[in-house]
There are 2 protein chains.
Amino acid sequence: MTDDPKSGGATDLTHENDKPRTRIQKVNRKKILDAALEVFSAQGFRGATLDQIAAEAGLSKPNVLYYFPSKEAIHAALLAGLLDIWLAPLRAMDPQGEPRDEIMSYMRRKLEMSREMPRESRLFANEVLQGAPRIGDGLSTDLKALVDDKAAVIRDWIAQGKLAPVDPHHLIFSIWALTQHYADFDVQVRAVLGPDTDPFDGAGKFLDMLFTRLLTP
Amino acid sequence: MTDDPKSGGATDLTHENDKPRTRIQKVNRKKILDAALEVFSAQGFRGATLDQIAAEAGLSKPNVLYYFPSKEAIHAALLAGLLDIWLAPLRAMDPQGEPRDEIMSYMRRKLEMSREMPRESRLFANEVLQGAPRIGDGLSTDLKALVDDKAAVIRDWIAQGKLAPVDPHHLIFSIWALTQHYADFDVQVRAVLGPDTDPFDGAGKFLDMLFTRLLTP
DNA sequence: CAACAATCTGACCGATTGGTCAGGGTCACG
DNA sequence: CGTGACCCTGACCAATCGGTCAGATTGTTG
């Protein structure tokens, strides 16, 4: 009974397939995920409602639940790829490259992500702020492994005298903190700078200078 | 009708008085605010429930609503004093003091606050992350005024050659970002560093070094 | 154009939410 | 020790929440 062998062209399996099968599925799943990113990043998981997401996506609530089995599933689908996207710039840091260039490039790419993907940044910030209840394990396994790996690389660079001696872990934290701040605290930054200043212009120059001074032996 | 002249010993005015009148009021309002800080900072405003707050405070839900008229009012009471507490260290920055000492002290005090008051930090972060809907005006008036004021002081210091030339606003942002990161993203930082390392020990040394290098002409 | 799968909807459900209320217990003070 | 203000509670309410379902509508394919 629970199994359904003759599910040849069966309906209702939508939820079990990660990859959209039809054109309409592709379009609507995209609509929903985009709407959910908007709402979750602005309200947090518990603060967001399916009605908001449905309205933002231009669909009815039952229709949203036709494509995803639950609110949790939508949130999970968003977070699923996010950690990888988020850490891609750090992964791209090349142990064979020129140390200061590599770190400066990483920092610039992270700042670029804050500018181009502020909603993703806030989604992630909301999750971590509230104790990372739905991503938790990924932090102490994948994330920790990657950071430890790159920290070792940085330590080597320092040992070779190519970099000023700094704690590699806290160096990475400082890049996260300084770049993500401009996405996560956007309203505060803009409130202080006033409406006619682009935060990212000044941030780019300032962070270039800061890390140049920090890393030069 | 709306006015009530003969409110001699009337009950039910509890909500309109900011100052607790009796011993029990003082104790229970404190309990509620402390519980609310715990819950709001961990779940955000919409994610928190009155039942959670009541349970955390060891009171019944109707009893909580005996001391505060609504969930909003509890949240507002928490935020009311928070901005002032939060900015006190910046206010304490003395234009007459030694520039680098003043800024280093400010940074250290902010880091200390992240260590000692992480819940307040996260409450504030939640509010700003979600667009500061209930504090909004305070940012573009009080906060902006204070920051602009101190930025002018820093600009003077730089003009006198006592400080390396840096954008004062972004310097202040960098202090906020770097210190608050350790409170707001605590779980992430601890996940990366592992369970046996105190994030704040390393942070203290790292930030001292960073800002020394940044500010020395 | 039939016929079946895929898509969509209004109506509805139980659980949880913030908040109310009538009344009972407790405290302080004359 | 009584009396009135203060404190507290169980029971309850309307609104909103995430989610279900039967069936109408649309798309696709032979």
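How far is a phosphate oxygen of DNA strand C from an N or O atom in the side chain of Thr22(A)? The separation is 2.6 Å, and this pair offers a point of entry to the structure as a whole. The model is predicted, so that local features need pLDDT of at least 70 and side-chain atom pairs count only at pLDDT 80 or more, while totals for chains, interfaces and linings use all residues. Residues are numbered from 1 along each chain as its sequence is written, chains are lettered from A in the order in which they are written, and side-chain values use heavy atoms, with hydrogens and water left out.

The fold of chain A may be described before its partners. Its secondary structure comes to ten helices and zero strands, where helices (H or I, at least four residues) and strands (E, at least two) are DSSP runs numbered from the N terminus. The C-alpha trace of chain A spans about 70 × 45 × 30 Å along its principal axes. Two domains are given for this chain, domain 1 (22–69) and domain 2 (79–215), with bounds that come from an automatic or database domain assignment. Their centres, taken over C-alpha atoms, are separated by 29 Å.

The two domains of chain A also touch. Seven residues of domain 1 of chain A are in contact (heavy atoms within 4.5 Å) with six residues of domain 2 of chain A. The size of an interface is often given as the accessible area lost when the parts come together. Here the buried area, that is, the accessible area (1.4 Å probe) that two parts lose on being put together, summed over both, is about 680 Å², and carbon and sulfur atoms give 55% of it. Leu37(A), Ser41(A) and Phe45(A) supply 64% of the area that domain 1 of chain A buries against domain 2 of chain A, more than any other three residues. Two salt bridges are counted between these domains, a salt bridge being a side-chain nitrogen of Lys or Arg within 4 Å of a carboxyl oxygen of Asp or Glu. Arg119(A) forms a salt bridge with Asp34(A), in which the closest N and O atoms are 3.1 Å apart.

The interface of chain A and chain B comes next. In it, 56 residues of chain A are in contact with 56 residues of chain B. About 4600 Å² is buried between the two chains, with 69% from carbon and sulfur atoms. On the side of chain A, Leu129(A), Val192(A) and Arg213(A) lose the most area to chain B, together 16% of what that side buries. The count of salt bridges between the chains is zero, whereas twelve residue pairs, both residues at pLDDT 80 or more, are in polar contact across the interface. A polar contact is a pair of N or O atoms within 3.5 Å; within protein, one must be able to donate a hydrogen and the other to accept it, and residues adjacent in sequence count only if both atoms are side-chain atoms. H8(A) provides the largest share of the side of chain A that touches chain B, namely twelve residues. That side has 31 nonpolar, 18 polar and seven charged residues; Ala, Val, Leu, Ile, Met, Phe, Trp, Tyr, Cys and Pro count as nonpolar, Asp, Glu, Lys and Arg as charged, and the others, Gly among them, as polar.

Both chains take part in the surface near DNA strand C. Of the 23 residues around this strand, Thr22(A), Asn28(A), Ser60(A), Tyr67(A) and Lys71(B) come nearest, a residue being near a molecule or strand if one of its heavy atoms lies within 4 Å of it. Sugar and phosphate account for 65% of the atoms of DNA strand C that come within 4 Å of the protein. Besides Thr22(A), a polar side-chain atom of Tyr66(A) lies 3.0 Å from a phosphate oxygen of the strand, and a backbone N or O atom of Lys71(B) lies 2.7 Å from a phosphate oxygen. Helices H1 (23–47) and H3 (61–67) of chain A, with H2 (50–57) and H3 (61–67) of chain B, each supply at least two residues of this surface.

DNA strand D is surrounded by 23 residues, the closest being Lys71(A), Thr22(B), Asn28(B), Ser60(B) and Tyr67(B). Of its atoms within 4 Å of the protein, 67% belong to sugar or phosphate and the rest to bases. A polar side-chain atom of Tyr67(B) is 2.4 Å from a phosphate oxygen of DNA strand D, and one of Gln25(B) is 3.0 Å from a phosphate oxygen. From chain A, a backbone N or O atom of Leu50(A) lies 2.9 Å from a phosphate oxygen of the strand.
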